[in-house]
Amino acid sequence: MFDGKTLKGWKESDFAGRGEVKVKDGQIIMEMGVMTGIRWTNAVTRMNYEISVEAMRTEGGDFFCGLTFPVETNQCSLIVGGWGGGVVGLSSLDGSDASSNETTQYINFQKDKWYLIQLRVSPGRIQGWLDGDSLFDVETKGKIISIRSEMDESVPLGVATWATTGALRNFKLRKL
(Lines give C-alpha, C1' and ligand atoms only; values in the text may rest on other atoms or scores of the structure.)
Protein backbone atom coordinates (compact mmCIF):
# COMPACT_ATOMS: atom_id res chain seq x y z
CA MET A 1 0.00 0.00 0.00
CA PHE A 2 3.02 2.28 0.32
CA ASP A 3 5.91 2.19 -2.13
CA GLY A 4 8.29 4.05 0.21
CA LYS A 5 8.72 6.89 -2.30
CA THR A 6 5.38 8.59 -2.97
CA LEU A 7 1.89 9.00 -1.58
CA LYS A 8 0.47 7.17 -4.62
CA GLY A 9 -2.94 5.82 -3.63
CA TRP A 10 -3.15 8.14 -0.61
CA LYS A 11 -4.64 11.59 -0.13
CA GLU A 12 -4.01 14.02 2.71
CA SER A 13 -7.03 14.15 4.99
CA ASP A 14 -8.74 17.53 5.12
CA PHE A 15 -8.49 18.06 8.88
CA ALA A 16 -8.69 21.65 10.11
CA GLY A 17 -5.34 22.72 11.59
CA ARG A 18 -3.48 19.83 10.01
CA GLY A 19 0.27 19.56 9.71
CA GLU A 20 2.23 18.70 6.58
CA VAL A 21 2.31 15.17 5.18
CA LYS A 22 5.44 14.09 3.31
CA VAL A 23 7.46 11.07 2.28
CA LYS A 24 11.04 10.96 3.53
CA ASP A 25 13.54 8.10 3.85
CA GLY A 26 10.93 5.43 3.04
CA GLN A 27 8.45 6.78 5.59
CA ILE A 28 5.21 8.71 5.54
CA ILE A 29 5.68 11.60 7.96
CA MET A 30 2.56 13.24 9.40
CA GLU A 31 3.76 16.48 10.97
CA MET A 32 2.24 17.80 14.17
CA GLY A 33 -0.95 19.77 13.77
CA VAL A 34 -4.25 19.59 15.56
CA MET A 35 -4.94 16.44 13.58
CA THR A 36 -2.96 15.25 10.56
CA GLY A 37 -3.61 12.24 8.39
CA ILE A 38 -3.91 10.35 5.14
CA ARG A 39 -6.73 8.42 3.50
CA TRP A 40 -6.50 5.51 1.04
CA THR A 41 -8.17 6.47 -2.26
CA ASN A 42 -8.40 3.05 -3.89
CA ALA A 43 -11.04 0.38 -3.30
CA VAL A 44 -10.89 -1.42 0.03
CA THR A 45 -12.26 -4.70 1.21
CA ARG A 46 -14.68 -4.40 4.12
CA MET A 47 -14.30 -7.86 5.66
CA ASN A 48 -11.79 -10.74 5.89
CA TYR A 49 -8.53 -8.81 5.79
CA GLU A 50 -5.42 -7.96 7.76
CA ILE A 51 -3.62 -4.65 7.97
CA SER A 52 -0.09 -4.23 9.23
CA VAL A 53 1.91 -1.04 9.57
CA GLU A 54 4.92 0.09 11.52
CA ALA A 55 4.33 3.38 13.33
CA MET A 56 6.45 5.67 15.47
CA ARG A 57 5.90 8.85 17.50
CA THR A 58 8.67 11.35 16.79
CA GLU A 59 7.24 14.40 18.54
CA GLY A 60 4.29 15.17 20.81
CA GLY A 61 2.43 13.20 23.40
CA ASP A 62 -0.79 11.81 21.97
CA PHE A 63 -1.85 9.25 19.38
CA PHE A 64 0.67 8.63 16.63
CA CYS A 65 -1.49 6.05 14.86
CA GLY A 66 -5.25 6.44 14.65
CA LEU A 67 -5.98 3.70 12.12
CA THR A 68 -9.55 3.96 10.77
CA PHE A 69 -10.75 0.85 8.97
CA PRO A 70 -13.94 -0.69 7.56
CA VAL A 71 -15.96 -3.36 9.35
CA GLU A 72 -18.73 -4.51 6.99
CA THR A 73 -20.96 -1.42 6.58
CA ASN A 74 -19.38 0.43 9.53
CA GLN A 75 -16.06 2.05 10.44
CA CYS A 76 -13.87 1.69 13.50
CA SER A 77 -10.57 3.22 14.63
CA LEU A 78 -7.64 1.61 16.40
CA ILE A 79 -6.05 4.31 18.54
CA VAL A 80 -2.40 3.82 19.49
CA GLY A 81 -0.95 6.23 22.05
CA GLY A 82 -4.06 8.33 22.73
CA TRP A 83 -5.44 10.21 25.71
CA GLY A 84 -2.13 11.72 26.76
CA GLY A 85 0.12 9.14 25.16
CA GLY A 86 -0.56 5.65 26.44
CA VAL A 87 -4.06 4.47 25.57
CA VAL A 88 -4.57 1.72 23.00
CA GLY A 89 -7.99 0.46 21.97
CA LEU A 90 -10.86 0.56 19.53
CA SER A 91 -13.07 3.61 19.04
CA SER A 92 -15.86 3.01 19.26
CA LEU A 93 -17.65 -0.06 20.59
CA ASP A 94 -21.23 0.46 21.74
CA GLY A 95 -20.51 4.20 21.89
CA SER A 96 -17.47 3.85 24.16
CA ASP A 97 -14.10 5.23 23.04
CA ALA A 98 -10.73 3.50 23.07
CA SER A 99 -10.21 4.92 26.56
CA SER A 100 -13.23 3.22 28.10
CA ASN A 101 -14.20 -0.11 26.57
CA GLU A 102 -13.17 -3.76 26.73
CA THR A 103 -10.19 -3.17 24.39
CA THR A 104 -8.59 -0.40 26.50
CA GLN A 105 -4.95 -0.87 27.47
CA TYR A 106 -2.28 1.50 28.76
CA ILE A 107 1.18 1.15 27.26
CA ASN A 108 4.27 3.27 27.80
CA PHE A 109 5.30 4.19 24.23
CA GLN A 110 8.84 5.38 23.62
CA LYS A 111 9.59 8.28 21.32
CA ASP A 112 11.47 7.38 18.10
CA LYS A 113 10.76 3.65 18.43
CA TRP A 114 8.99 1.65 15.72
CA TYR A 115 5.96 -0.40 16.74
CA LEU A 116 4.41 -3.10 14.56
CA ILE A 117 0.62 -2.71 14.56
CA GLN A 118 -1.50 -5.54 13.16
CA LEU A 119 -5.25 -5.72 12.79
CA ARG A 120 -7.52 -8.50 11.53
CA VAL A 121 -11.18 -8.02 10.60
CA SER A 122 -13.23 -11.18 10.09
CA PRO A 123 -16.94 -11.97 10.42
CA GLY A 124 -17.99 -11.20 13.99
CA ARG A 125 -14.46 -10.42 15.20
CA ILE A 126 -11.75 -7.75 15.34
CA GLN A 127 -8.28 -8.74 16.56
CA GLY A 128 -5.25 -6.56 17.15
CA TRP A 129 -1.57 -7.03 18.00
CA LEU A 130 1.31 -4.78 18.97
CA ASP A 131 4.79 -6.11 18.25
CA GLY A 132 3.30 -9.59 17.96
CA ASP A 133 1.55 -9.49 21.35
CA SER A 134 -2.24 -9.69 21.43
CA LEU A 135 -3.98 -6.42 22.30
CA PHE A 136 -7.57 -7.60 21.93
CA ASP A 137 -9.78 -10.24 20.38
CA VAL A 138 -13.25 -8.78 20.47
CA GLU A 139 -16.48 -10.33 19.27
CA THR A 140 -18.46 -7.74 17.31
CA LYS A 141 -21.78 -9.56 16.91
CA GLY A 142 -24.47 -7.45 18.57
CA LYS A 143 -22.10 -4.49 19.12
CA ILE A 144 -22.44 -1.04 17.61
CA ILE A 145 -19.22 -0.36 15.68
CA SER A 146 -18.51 3.32 14.94
CA ILE A 147 -15.94 6.09 14.87
CA ARG A 148 -15.70 9.46 16.56
CA SER A 149 -16.79 12.27 14.24
CA GLU A 150 -13.23 13.69 14.25
CA MET A 151 -12.14 10.65 12.25
CA ASP A 152 -14.61 11.15 9.37
CA GLU A 153 -11.83 12.41 7.08
CA SER A 154 -10.10 9.01 7.45
CA VAL A 155 -13.00 6.96 6.00
CA PRO A 156 -12.95 4.30 4.65
CA LEU A 157 -9.29 3.56 5.44
CA GLY A 158 -6.85 6.06 6.83
CA VAL A 159 -4.34 6.97 9.50
CA ALA A 160 -4.22 10.11 11.61
CA THR A 161 -2.23 11.68 14.43
CA TRP A 162 -3.43 14.04 17.17
CA ALA A 163 -1.13 16.90 18.25
CA THR A 164 1.78 14.59 17.46
CA THR A 165 4.23 13.92 14.65
CA GLY A 166 4.02 10.31 13.55
CA ALA A 167 5.83 8.20 10.97
CA LEU A 168 4.59 5.13 9.07
CA ARG A 169 6.34 2.50 7.00
CA ASN A 170 5.70 -1.02 5.66
CA PHE A 171 1.95 -0.43 5.28
CA LYS A 172 0.30 -3.62 4.01
CA LEU A 173 -3.20 -4.95 3.46
CA ARG A 174 -3.82 -8.65 2.91
CA LYS A 175 -7.15 -10.26 2.05
CA LEU A 176 -7.88 -13.45 3.97
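Three bridges join strand S1 to strand S4 (residues 35-40), and the two run antiparallel. Strands here are DSSP runs of E with at least two residues, helices are runs of H or I with at least four residues, and both are numbered from the N terminus. Two strands count as paired if DSSP finds at least two bridges between them. Within the pairing of S1 and S4, Trp10 stands opposite Trp40 in S4.

The structure is a predicted model, in which local features need pLDDT of at least 70 and side-chain atom pairs count only at pLDDT 80 or more, while totals for chains, interfaces and linings use all residues. Residues are numbered from 1 along each chain as its sequence is written, and side-chain values use heavy atoms, with hydrogens and water left out.

**The open sheet**

Strands S1 and S4 belong to an open sheet of seven strands, whose order is S1-S4-S13-S6-S7-S8-S9 and whose pairing is antiparallel. Its edges are formed by strand S1 (10-12) and strand S9 (105-106), each of which pairs on one side only.

**The chain as a whole**

The chain has 14 strands and zero helices. Its radius of gyration is 14 Å, close to the 16 Å that the globule rule gives for 176 residues, so the chain is as compact as a globular protein of that length. The radius of gyration is taken over C-alpha atoms, and the globule rule is 2.2 Å times the number of residues to the power 0.38. Along the principal axes, the C-alpha atoms fill a box of roughly 40 × 35 × 30 Å.

Of the 176 residues, 52% count as buried. Buried means under 20% relative accessible area, exposed over 50%, and partly exposed in between, with a 1.4 Å probe and protein chains only. The chain exposes about 7900 Å², of which carbon and sulfur atoms supply 44%; accessible areas come from the Shrake-Rupley method with a 1.4 Å probe, and for residues only the protein chains shown count as cover.

Among contacts (heavy atoms within 4.5 Å) between residues at least 6 apart in sequence, 60% join residues at least 24 apart. The chain carries 20 positive and 22 negative side chains, and the centres of the two sets lie 5 Å apart. Lys and Arg count as positive and Asp and Glu as negative, whereas His and the chain ends are not counted. The place of a charge is taken as NZ of Lys, CZ of Arg, CG of Asp or CD of Glu.

**Strand S3 and its partners**

Strand S3 (residues 27-30) pairs in the antiparallel sense with strand S2 (residues 21-24) over four bridges. Val21 stands opposite Met30 in S3. The two strands form a hairpin with two residues between them, and Asp25 in the turn has a positive phi of about 55°.

S3 also pairs in the antiparallel sense with strand S14 (residues 164-175), here over three bridges. In this pairing, Met30 stands opposite Gly166 in S14. Gln27 and Ile29 point one way from S3, Ile28 and Met30 point the other way, and all are buried.

**Backbone geometry in the loops**

Most residues other than glycine have a negative phi, and most peptide bonds are trans. Two residues with positive phi are set out below.

| Residue | Phi | Loop | Relative accessible area |
|---|---|---|---|
| Glu72 | near 55° | between strand S6 (65-71) and strand S7 (74-82) | 47%, partly exposed |
| Asp131 | near 50° | between strand S11 (125-130) and S12 | 39%, partly exposed |

The peptide bond from Ser91 to Ser92 is cis, with omega near 10°. Ser92 is placed in the loop between strand S8 (87-91) and S9. Another cis peptide bond joins Val155 and Pro156, with omega about 5°. Pro156 lies in the loop between strand S12 (133-139) and strand S13 (158-162).

**Surroundings of Val44**

Pro156 is also one of the contacts of Val44. Leaving aside neighbours within four places in sequence, Val44 is in contact with Pro70, Pro156 and Leu157. Val44 itself is found in the loop between S4 and strand S5 (49-60), and is partly exposed, with a relative accessible area of 23%. The C-alpha atoms of Val44 and Lys175 are separated by 9.8 Å, although these residues are 131 residues apart along the chain.
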